[in-house]
Amino acid sequence: MSDPLVSEATFRWILTVLTLAACTWALYDVVRLVRLPRATPHRGDKIFGYWIGIAGGGLGIAGVLKFHGVF
């Protein structure tokens, strides 16, 4: 076997940074959900889409915390 390119700790932190960067989309969806105007024609579809984004980001954050042994 060849030597790994990075150590295990470095690999964990690279995964963590990439996942948390992607999870910022959940925060973006929260802001968009709060600022959604009442008179939008497709308001229900947008609310559903924002909640799916928030749920996906929440799962990503939970996965990172479990990966690091927080719970």
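**Close-up views of a predicted model**

**View 1. Tyrosine 50 lies in helix H2.** Keep in mind that everything here comes from a predicted model. At 11% relative accessibility, tyrosine 50 is buried, because anything under 20% gets that label. So who does this residue touch? Setting aside neighbours within four places in sequence, tyrosine 50 is in contact with Asp29, Arg32, Leu33 and Leu36. Now look along to isoleucine 61: tyrosine 50 and isoleucine 61 are 11 residues apart in sequence, and their C-alpha atoms are 17 Å apart in space.

**View 2. Helices H1 and H2 pack against each other.** H1 covers residues 8–34 and H2 covers residues 43–67. The angle between them is about 155°, and their axes sit 8 Å apart. Angles over 145 degrees count as roughly antiparallel, so that is the word for H1 and H2. Their crossing is left-handed.

**View 3. Here are the residues where H1 meets H2.** On the H1 side you'll find Arg12, Leu15, Thr16, Thr19, Leu20, Cys23, Ala26, Asp29, Val30, Arg32 and Leu33. On the H2 side, they meet Ile47, Gly49, Tyr50, Trp51, Gly53, Ile54, Gly57, Gly60, Ile61, Val64 and Phe67. What kinds of residues make up this contact of H1 with H2? Sort them and you get 13 nonpolar, six polar and three charged.

**View 4. Threonine 16 is a buried residue of helix H1.** Its relative accessible area is just 5%, and under 20% means buried, so threonine 16 fits that label. Leave out residues up to four places away in sequence, and threonine 16 touches Val64 and His68. Val64 also appears on the H2 side of the contact between the two helices, and Thr16 on the H1 side.

**View 5. Tryptophan 25 and tyrosine 28 form an aromatic pair.** How many aromatic pairs does a search of the whole structure find? The search turns up one. A pair of aromatic rings is described by the distance of the centres and the angle of the planes. For tryptophan 25 and tyrosine 28, that's 4.9 Å centre to centre and 50° between the planes, and the pair is tilted. Both residues lie in helix H1, three residues apart, which is about one turn of the helix. Are they buried or exposed? Tryptophan 25 has 51% relative accessibility, and because the cut-off for exposed is over 50%, this residue counts as exposed. Tyrosine 28, with a relative accessible area of 38%, is partly exposed.

**View 6. Tryptophan 51 has its place in helix H2.** This residue is partly exposed, with a relative accessible area of 49%. How far is tryptophan 51 from leucine 33? The two are 18 residues apart in sequence, and 8.2 Å apart in space from C-alpha to C-alpha. Both Leu33 and Trp51 are listed in the contact between H1 and H2, Leu33 on the H1 side and Trp51 on the H2 side.

**View 7. Valine 6 is found in the segment before H1.** Its relative accessible area is 38%, and valine 6 is partly exposed. Try tracing from here to tryptophan 51: valine 6 and tryptophan 51 are 45 residues apart in sequence, with 36 Å between them in space, C-alpha to C-alpha.

Conventions:
Residues numbered from 1 in each chain as written. Predicted model: local features only at pLDDT ≥ 70, side-chain atom pairs only at ≥ 80, totals over all residues. Heavy atoms only, no water. Axes fitted to C-alpha atoms, helices over the stretch in contact; angles between N-to-C directions. Helix = DSSP H or I, 4+ residues; strand = E, 2+ residues; numbered from the N terminus. Parallel < 35°, antiparallel > 145°, perpendicular 65-115°, else oblique. Left-handed = near helix turned anticlockwise from the far one by under 90°. Contact = heavy atoms within 4.5 Å. Nonpolar A, V, L, I, M, F, W, Y, C, P; charged D, E, K, R; others polar. Phe/Tyr/Trp six-rings, centres within 6.5 Å; stacked < 30°, edge-to-face > 60°. Buried < 20%, exposed > 50% of the residue type's maximum accessible area, 1.4 Å probe, protein only.
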